[in-house]
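The exercises below are meant to be worked through with the sequence and the coordinates side by side. Each task is followed by a solution that proceeds step by step.

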Amino acid sequence: MTRLVELEEQGPRKLDASDIDDEKGDIAVCRCGLSDSFPFCDGSHRATIDEDDGTTYVYEDGERREVERVVTVDDGEDE
Ligand code: FES
């Protein structure tokens, strides 16, 4: 199964003080979709810092590339 998710955020969301684990300390939730520790931020969002507005990027195997558009194929199966 492949899942394509469009995300535009370039940094994490820190939780409120009441959400913070006393043992782990500060926790940030990933909003860029690149974290290897999803749903928690692992700093991978730094790769998005120089993205241009209006450009679509694909991140795959640690590499970033620009794409003209994303095409998906409907395989005709119902969910
Ligand atoms: S916001 Fe996604 S890795 Fe930090």
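**Exercise 1. Establish the order of the elements, and state how the confidence is spread over this predicted model.**

Read from the N terminus, the elements of the protein chain follow the order β-β-β-β, which agrees with a tally of 0 helices and 4 strands. The model is predicted, and the next step is therefore to look at confidence, because where pLDDT is low, the predicted coordinates should not be read in detail. The average pLDDT of the protein chain is 82, and 87% of the residues score at least 70. Confidence is lowest in strand S1, residues 13-14, with a mean of 82, whereas S4 has the highest value, at 91.

**Exercise 2. Determine what share of the residues is buried, and what share of the contacts joins residues at least 24 apart.**

Begin with burial: of the 79 residues in the protein chain, 8% count as buried. Then turn to the contacts between residues at least 6 apart in sequence, of which 21% join residues at least 24 apart. For a single element, take S4, which is hardly covered, since the count of buried residues among its 5 residues is 0.

**Exercise 3. Describe how S3 and S4 pair, and find the residue with a positive phi in their hairpin.**

First, locate the strands: S3 spans 56-60 and S4 spans 63-67. Second, establish the sense of the pairing, which is antiparallel and runs over 5 bridges. Third, follow the register through individual partners: Thr-56 has Val-67 in S4 as its bridge partner, and Tyr-57 stands opposite Glu-66 in S4. Fourth, examine the turn, where the hairpin has 2 residues between the strands and Asp-61 takes a positive phi near 50°. Asp-61 is not a glycine, although its phi is positive. Finally, assign its exposure: Asp-61 has 4 C-beta neighbours inside 10 Å, and because a residue with 12 or fewer counts as exposed, Asp-61 falls in that class.

**Exercise 4. Examine the loop between S2 and S3: which peptide bond is cis, and is Ile-49 buried or exposed?**

Start with the backbone, where the peptide bond from Phe-38 to Pro-39 is cis, with omega near 20°. Pro-39 belongs to the loop between strand S2, residues 28-29, and strand S3.

Next take Gly-33, which also lies in the loop between S2 and S3. Gly-33 has 16 other C-beta atoms within 10 Å and is therefore partly exposed. Leaving aside residues up to four places away in sequence, Gly-33 touches Val-5 and Leu-7. A further link in this direction is Glu-8, which is 25 residues from Gly-33 along the chain, with a C-alpha separation of 9.2 Å.

Last comes Ile-49, likewise placed in the loop between S2 and S3. Ile-49 is exposed because 8 other C-beta atoms lie within 10 Å. Its C-alpha atom is nevertheless 8.8 Å from that of Gly-11, a residue 38 positions away in sequence.

**Exercise 5. Starting from Thr-56, work out how far Glu-68 and Glu-6 lie from it in sequence and in space.**

Take Glu-68 as one partner: this residue lies in the segment after S4, and its C-alpha atom is 6.9 Å from that of Thr-56, with the two residues 12 apart in sequence. Glu-68 counts as exposed because it has 7 C-beta neighbours inside 10 Å.

Then take Glu-6, in the segment before S1, which is 50 residues from Thr-56 along the chain, while their C-alpha atoms are separated by 9.3 Å. With 7 C-beta neighbours inside 10 Å, Glu-6 therefore counts as exposed. To complete the picture around Thr-56, recall that its bridge partner in S4 is Val-67.

How values were computed. Residues are numbered from 1 along each chain as its sequence is written. This is a predicted model: local features need pLDDT of at least 70, side-chain atom pairs count only at pLDDT 80 or more; totals for chains, interfaces and linings use all residues. A residue is buried if 20 or more other C-beta atoms lie within 10 Å of its own, exposed if 12 or fewer, and partly exposed in between; C-beta atoms are placed from the backbone. Two residues are in contact if their C-beta atoms, placed from the backbone, lie within 7 Å. Two strands pair if DSSP finds at least two bridges between them. pLDDT is the predictor's confidence in each residue, from 0 to 100.
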